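New to this one? Here is a quick tour, meant to be read with the model open beside you.

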Amino acid sequence: MIEYLKRGRTEHERKDDDRKVRDVVEATLADIEARGDAVVRELSERFDNYAPEAFRLSEADIEALVAKVAPRDLDDIRFAQDQIRRFAEVQRASMTDVEVETLPGVILGHKHIPVASVGCYVPGGKFPMVASAHMSVLTASVAGVPRIAAATPPFHGEPNPAVVAAMHLGGAHEIYVLGGIQAIGALALGTETIAPVDMLVGPGNAFVAEAKRQLFGRVGIDLFAGPTETMVVADETVDAEMCATDLLGQAEHGYNSPAVLVTNSRRLAEQTLAHIDRILAILPTAETAAASWRDYGQVIVCDTYEEMLSVANEIASEHVQIMTDRDDWFLEHMQSYGALFLGPRTNVANGDKVIGTNHTLPTQKAGRYTGGLWVGKFLKTHTYQKVVTDEAAAVIGAYCSRLCMLEGFVGHAEQANLRLRRYGGVNLPYGAAAE
């Protein structure tokens, strides 16, 4: 039996919010496309109180901002980037070009080619998201993207030195102090001073996510991202304080960040609820975390591990923390999630900031059909074919001719027939199928 000790807002209530955001974004993007830099400047001044002479930072600007970052903070940024780079390089090395001779004289292959230009958005808001610069800019750099344009909103009216330092050290070729819909629109559509990119990546608020959704097709995107989500799957091998701490640690991201406990222990569930109340009384970010927990928090009690697995796969949370006596069993059987965090020594904050895996992950059940951002997202896999002997041209051509005529495509068939006449010595009437 599956029992909900606490439920969050319904999906219908969330969709009402989505409709309002969609209308605002649609109108704003149309305005950016029509009026370019003028709109971008108006929006930046209105929402961020920031309207510099140029939104792109010069090399001198970047050097001055990096110099403001404390040496210990710079060392920490470099350490995090070393971990992320190391894992991304291993991932890149796993993606090899291939070539195979499927028949004598018939060669097929594929090549992995980096996207030509990428716009990496690093959100600001209440918190400067230094780690997001590593995850997007650095990963694109490891993939070999020739042009990486990074954008981040001002923080308290100025560029944030730590974020700019992370972008710069990660390999950004252009850095813009620009946020929200105006940043996404300018990067994707282009303006008088910002060249358009081929792909957009990075997390953001509901307006940023919706802008990426509406622009998808015109440019590529990493994934459709919603608010941060976390799930703790736990049994009595861990304590309630750890469960409560890990749930609230992600709930502080925003006012609409779902946090879910799935357990087979009613005692653990009830004790976790009590610890959440205790921690919210002392947590500096409690205003945000409490709102998320009130509206989107859930506590689900199951009878069996199989039920816990079923619930976890159904919810398909962005972050799934497994703390049980059978963590590897969940690793083997979990199918739908963004990333797994296995065992009590592991936590989602490690993955968010420093451990090396990417923190831009699928939300809103997208883990059913896609993984998160990784070096492979910046690479396009392109195939090629080569027929190098007359004999191969004749063999493949005969099959192709007949299959084209089977479908009624005479023009297609003639592409094959012409090769049969030229390279196979076949006297084939125009528009006929090969014998």
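Let's start with the outside: the accessible surface of the chain comes to about 20,900 Å², and 53% of that belongs to carbon and sulfur atoms. Keep in mind that you're looking at a predicted model. From there we'll go through the overall build, the annotated sites, one helix and the cysteines.

**The big picture**

- The chain is built from 16 helices and 14 strands.
- Its C-alpha trace spans about 90 × 60 × 45 Å along the principal axes.
- There are 435 residues in the chain, and 49% of them count as buried.
- If you take the contacts between residues at least 6 apart in sequence, 72% of them join residues at least 24 apart.
- On the charge side, you get 40 positive and 58 negative side chains, and the centres of these two sets lie 3 Å apart.

**The annotated binding site**

- An unreviewed UniProt entry gives the annotation "binding site" to Thr 228, Gln 250, His 253, His 319, Asp 352, Glu 407 and His 412.
- Don't expect a single cluster: these positions span 185 residues in sequence and the farthest two C-alpha atoms are 56.1 Å apart, so they do not all gather at one spot.
- His 253 sits in the loop between α9 (240-251) and β10 (259-263), and its relative accessible area of 31% makes it partly exposed.
- Setting aside neighbours within four places in sequence, His 253 is in contact with Met 129, Thr 228, Thr 288 and Asp 352.
- His 412 belongs to helix α16, which runs over residues 410-424; with 43% relative accessibility, His 412 is partly exposed.

**The annotated active site**

- The feature "active site" is placed by UniProt, again in an unreviewed entry, at Glu 318 and His 319.
- Glu 318 is in the loop between α12 and β12 (319-323), while His 319 has its place in strand β12.
- Are they buried or exposed? Glu 318 counts as buried at 5% relative accessibility, and His 319 is buried too, with a relative accessible area of 1%.
- Beyond residues up to four places away in sequence, Glu 318 touches a set of residues including Pro 227, Thr 228, Glu 229, Tyr 337, His 359 and Leu 361.
- With neighbours within four places in sequence left aside, the contacts of His 319 include Thr 228, Gln 250 and Asp 352, which also appear in the "binding site" annotation.
- Other contacts of His 319 include Glu 229, Ala 339 and Leu 361.

**Helix α12, leading up to the active site**

- Which residues of helix α12 (residues 305-315) are buried? They are Tyr 305, Met 308, Leu 309, Val 311, Ala 312 and Asn 313.
- An α-helix has 3.6 residues a turn, so residues three or four places apart point the same way.
- The buried residues of α12 pack against β9 (230-234), β10, β11 (297-301) and α13 (327-333).
- Just after α12 comes Ala 316, which takes a positive phi of about 55°.

**Ser 132, a partner from elsewhere in the sequence**

- You'll find Ser 132 in helix α5, residues 130-143, and it counts as buried at 1% relative accessibility.
- Although Ser 132 and Asp 352 are 220 residues apart in sequence, their C-alpha atoms are 8.3 Å apart in space.
- Apart from neighbours within four places in sequence, Ser 132 is in contact with Val 122, Pro 123, Pro 203 and His 359.
- His 359 also turns up among the residues that Glu 318 touches.

**The cysteines**

- How many disulfides does the structure hold? The count is zero.
- The sulfur of Cys 243 has its closest cysteine sulfur in Cys 302, and at 14 Å that is too far for a bond.
- A disulfide would need the two sulfur atoms within 2.5 Å.
- Cys 243 is buried, with a relative accessible area of 0%, and Cys 302 is buried as well, at 2%.

Notes. Residues numbered from 1 in each chain as written. Predicted model: local features only at pLDDT ≥ 70, side-chain atom pairs only at ≥ 80, totals over all residues. Heavy atoms only, no water. Helix = DSSP H or I, 4+ residues; strand = E, 2+ residues; numbered from the N terminus. Buried < 20%, exposed > 50% of the residue type's maximum accessible area, 1.4 Å probe, protein only. Contact = heavy atoms within 4.5 Å. Areas by Shrake-Rupley, 256 points an atom, 1.4 Å probe, with all protein chains shown as cover. Lys, Arg positive; Asp, Glu negative; His and termini not counted. Charge placed at Lys NZ, Arg CZ, Asp CG, Glu CD. UniProt positions renumbered as here; feature names shortened; annotations may be inferred.
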